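Please open the model in a viewer and follow the stops below in order. Each stop names a selection and states what is found there.

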Amino acid sequence: PVTENKIDISVATTSPPPTAAPAIHDFRSVLKEVYASSQLSSQTYGNQTYAYSPQKTVDNDHSTCWSEGASEYGNGDSITLLFNDIYTIREICIWNGLCTNEELFNKNSRLRRITITLSDGQSFDFECKDGWDNRKNVFSLPDFFETSSITITIRTVYEGSKYMDTCISEISVS
């Protein structure tokens with residue numbers, strides 16, 4: 001069953017993770033692949049070309065992003081982080097929107113409601129807070145879970161003032 005939760009920005013519980021699978025200590029080093037159901041084509045502004053691939057969500061640079069490539073807001077599109085093994089996780093952190101600066105953040109669409117699905121099919125619904133001061137969203141799962149992948153699916157968005165493109169700047173897992 002789908003568990004519906006509001007965003008929880010509190011600190012995760014201090015309970016130790018299960019011993020059956022390794023915990024993620026260095027998130028980026030355990031990624032096998034990052035892929036998405038769609039992506040916006042590269043765009044050129046002035047002399048600069050900007051790419052919007054799903055790998056931009058794990059490049060440790062908040063000024064880059066993945067943007068879905070749907071003709072509308074990307075409802076139903078998803079991004080998947082595939083690990084190189086099974087890992088124990090409890091929290092997913094998403095830097096919502098294009099976090100280059102506040103103007104671009106507001107012009108582009110941002111996640112509102114999402115579903116996070118684990119490799120065994122368990123899924124959890126969350127709602128993101130909106131606004132420049134709320135761009136970092138930390139989602140705490142109800143327990144520790146072992147998984148080999150995480151898929152984030154866009155359900156609804158906060159519409160941008162200029163663009164329909166829905167963006168995610170960074171994702172991390174712990």
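Begin by selecting Arg28 and Glu170, whose side chains meet in a salt bridge with an N to O distance of 3.0 Å. The model is a predicted one. Arg28 sits in the loop between strand E1 (3-4) and strand E2 (31-36), whereas Glu170 belongs to strand E10 (residues 167-173), so the pair ties together parts that are 142 residues apart in sequence. Colour the two by accessibility: Arg28 is partly exposed, at 33% relative accessibility, and Glu170 is buried, at 3%.

Next, select Glu127 and Arg113, which form a salt bridge whose closest N and O atoms are 3.3 Å apart. Glu127 lies in strand E8 and Arg113 in strand E7, 14 residues apart. Add Arg112 to the selection: the side chain of Arg112 also meets that of Glu127 in a salt bridge, at 4.0 Å from N to O. Shared partners thus join Arg112, Arg113 and Glu127 into one network. Within this group, Glu127 is buried at 17% relative accessibility, Arg112 is partly exposed at 35%, and Arg113 is partly exposed at 23%. The structure holds five salt bridges.

Now move to the largest pocket, with a volume of about 310 Å³. Select Tyr45, Tyr50, Tyr52, Leu98 and Leu104, the closest to its centre of the 17 lining residues. The lining comprises ten nonpolar, five polar and two charged residues.

Finally, display the whole protein as a cartoon, in which one helix and ten strands appear. From the N terminus, their order is β-β-β-β-β-β-α-β-β-β-β. Of the 174 residues, 46% are buried.

How values were computed: Residues numbered from 1 in each chain as written. Predicted model: local features only at pLDDT ≥ 70, side-chain atom pairs only at ≥ 80, totals over all residues. Heavy atoms only, no water. 1 Å grid on protein atoms, 1.4 Å probe; cavity = no way out; pocket = protein on both sides within 12 Å on 5 of 7 lines; lining within 4 Å. Points joined across faces, edges and corners; volume = space filled by probe spheres on them. Nonpolar A, V, L, I, M, F, W, Y, C, P; charged D, E, K, R; others polar. Helix = DSSP H or I, 4+ residues; strand = E, 2+ residues; numbered from the N terminus. Buried < 20%, exposed > 50% of the residue type's maximum accessible area, 1.4 Å probe, protein only.
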